[in-house]
Amino acid sequence: MEKELRLMKGNEAIAEAAIRAGVDAYFGYPITPQSEILEYLMEANPYEKTGMVVLQAESEPAAINMVYGGAACGKKVMTTSSSPGISLMQEGISYIAGAELPCLIVNVVRGGPGLGTIQPSQSDYFQACKGGGHGDYHLLVLAPASVQEMADFVELAFDLAFKYRNPVMILSDGAIGQMMEKVYLKPYREREKTLPEWATTGKPPTRERNIITSLNLDPYLHEKHNQKIQAKYREMEKNEVRFEEFQTEDAEYLFVAYGTSARVCQKAVQLARTEGIKAGLIRPITLYPFPSVRINELAGKMKHIISVEMSAGQMVEDVRLAVNGQTEVTHFGRMGGVIPTPEEVLEDLKSKI
Amino acid sequence: MKVVTGDKDIIQPENLVYKRSSILTDKQFSYCPGCGHGTAHRILAEVIEEEGLQPVTVGVCPVGCSVLMYDFLDIDMQEAAHGRAPALATAIKRLLPDRFVFTYQGDGDLAAIGTAETLHACNRGENILIIFINNGIYGMTGGQMAPTTIPGMVSTTSPYGRDVKTMGNPLKITELVAMLPGTCYVTRQSVHTPAAVRKTKKAIKKAVEYQKRNMGTCFIEIVSNCPSGWRMTPVEANKWMEENMFKFYQPGDLKVPPEEPEKSKDDNE
């Protein structure tokens, strides 16, 4: 079957891709700027077509715990929200990580703190990449920079989630959620019929009972459990780092940026080059695991590195750790829902020369 | 006439009048002596065994004394975050509609931190069974005041008795869920006497039947005790429960299905 070309919002692309990827259930609660996802799914009524359950929950905590219940049945289950709603889900996300359940959580980030603003932001990087809830855990974090990637990352996210039995987050932002672009949609994939052997589906006589829990009262056993999930993160760091480079071959100045900021920086690189400044860009696609090794390799050739983020500077800490003192690293960004212009970014770069 | 001379003659299958349910594991209960949880677990296990539900049952444990329920029952179970069991059960039942899905929750879990999940699951009419153990106290954390602690009742956080003027009123959440259109069967039972145990077991069997027919949410409150938290002997605790808890939480059916639609059909089979 041919791929289908459509003009869609990023939020709509996630919803349509979820139906096509054979997702079993979506549980969500309305919040701007991502309510189109729930609206699109309700209108599409995929239960009739693929059997996908779509349910509007009474709150974000309920939604994420529905995700827990569904994921513990071995099903492909997802939720989406925006920053304040994702904060409310942190308890559930920690339990999901602790119980080693695969699922997809999409954060279409808006400006914070608090109720903040409904405009796009990247100020949830720490929350997404450093745990977010209580305990030692990581989500595998994918950062789309286009509507196409919003669609493509749904299937990728579930493949990774089931590979590692770990929750995956798509960390998007209000700009990518709301903007329209052309998107190639994949053909429909059937929902999975066989469920993983660890799933709680009712105990047949042929196996021991399955228990999904994050509780371990024995500290030595619980340390072992922690070591097990940490070992998974080391595997992800080895196998799952994804990034994209733009004009880094001869670059002397490097931007590190993801999502919307990466698109702004791509233009800034072009503007810099017309003025004879050899600028380049590395765009992390996985924010966790972070492309530290590649950034470390590139850093030796760079006169200066700028981490461009729509925040007060969060990813810049990981960039500095990766660069490890080889060259100077600074942050440039706008906050509160403001998107920097390529000219502003270029001006900041020039101030470092 | 045969003369019975020793154990070997008595222990014969035909003489068996009672046995431990096969659904109960060999794990020793972690409950205090005299606590109602053990009895509630046992009758639930018996219903699962008698109805042949083991291959189709998915249960959800709460946070509270029964957090380790999955250690005691030989069925697939999920451990929920505090108060969120009805959200888990909602998803399980929606994704596996032919399974028997239940939650087992205490009063703090169900009627304080999980009030929203409880009310909305019941209001949506999820086809699940919610078993609600109400002993008027937070047992696991050491006897603090619960949403169901009755007026004047002493706990570690109401050491002079619950003063409703400053501490608020106990929440009759069972009366609340009975008002919701999504519930089909709401009843309040207990497990402190053999007669009460039999009635509660019968209620669970009814709920299994209603769930099979997708009739909506079944909600069984079991008014129970907490000898450790109440600082009483098991006998004193049961007596205190009868004299005080039952006045506030009166046992009996709060809501029964108006008619049992397929009853006549079943009778013919």
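Here are some notes on the predicted model, with chain A as the main subject and its contact with chain B included.

1. **Overall build.** Chain A is a mix of helices and strands: 14 of the former and 15 of the latter. Its radius of gyration is 21 Å, close to the 20 Å that the globule rule gives for 353 residues, so chain A is as compact as a globular protein of that length. If you want a feel for the dimensions, the C-alpha atoms fill a box of roughly 70 × 50 × 40 Å along the principal axes.

2. **Inside and outside.** Of the 353 residues in chain A, 60% are buried. Looking at contacts with a separation of 6 or more, 79% come from residues 24 or more positions apart. As for the surface, chain A exposes about 13900 Å², and 52% of that is supplied by carbon and sulfur atoms.

3. **Charges.** I get 37 positive and 45 negative side chains in chain A. The centres of these two sets lie 4 Å apart.

4. **The partner chain.** On the A side, 34 residues touch 35 residues of chain B. Together the two chains bury about 2700 Å², with 61% of it on carbon and sulfur atoms. Which residues of chain A lose the most area to chain B? They are A:Glu58, A:Lys203 and A:Arg209, and together they make up 23% of what that side buries.

5. **Two cis prolines.** Have a look at the peptide bond between A:Thr32 and A:Pro33: it is cis, with omega about 5°. A:Pro33 sits in the loop that runs between strand 2 (25-28) and helix 2 (35-44). Another cis bond joins A:Tyr288 and A:Pro289, with omega about 0°. A:Pro289 is also in a loop, between strand 13 (286-288) and helix 12 (292-299).

6. **Positive phi outside glycine.** A:Asn45 has a positive phi of about 50° although it is not a glycine. You'll find A:Asn45 in the loop between helix 2 and helix 3 (46-49). With a relative accessible area of 37%, A:Asn45 is partly exposed. A:Gln247 is another non-glycine residue with a positive phi, near 55°, and its loop lies between strand 10 (243-246) and strand 11 (253-256). Its relative accessible area is 29%, so A:Gln247 counts as partly exposed.

7. **A buried glutamine.** Is A:Gln90, in helix 6 (residues 90-98), buried or exposed? Its relative accessibility is 8%, and buried means under 20%, so A:Gln90 counts as buried. Leaving aside neighbours within four places in sequence, A:Gln90 is in contact with A:Gln127, A:Gly131, A:Gly132, A:Gly133 and A:Tyr137.

Terms used: Residues numbered from 1 in each chain as written. Chains lettered and ligands numbered in written order. Predicted model: local features only at pLDDT ≥ 70, side-chain atom pairs only at ≥ 80, totals over all residues. Heavy atoms only, no water. Helix = DSSP H or I, 4+ residues; strand = E, 2+ residues; numbered from the N terminus. Rg over C-alpha atoms; globule rule 2.2 N^0.38 Å. Buried < 20%, exposed > 50% of the residue type's maximum accessible area, 1.4 Å probe, protein only. Contact = heavy atoms within 4.5 Å. Areas by Shrake-Rupley, 256 points an atom, 1.4 Å probe, with all protein chains shown as cover. Lys, Arg positive; Asp, Glu negative; His and termini not counted. Charge placed at Lys NZ, Arg CZ, Asp CG, Glu CD. Buried area = accessible area lost by both parts, 1.4 Å probe.
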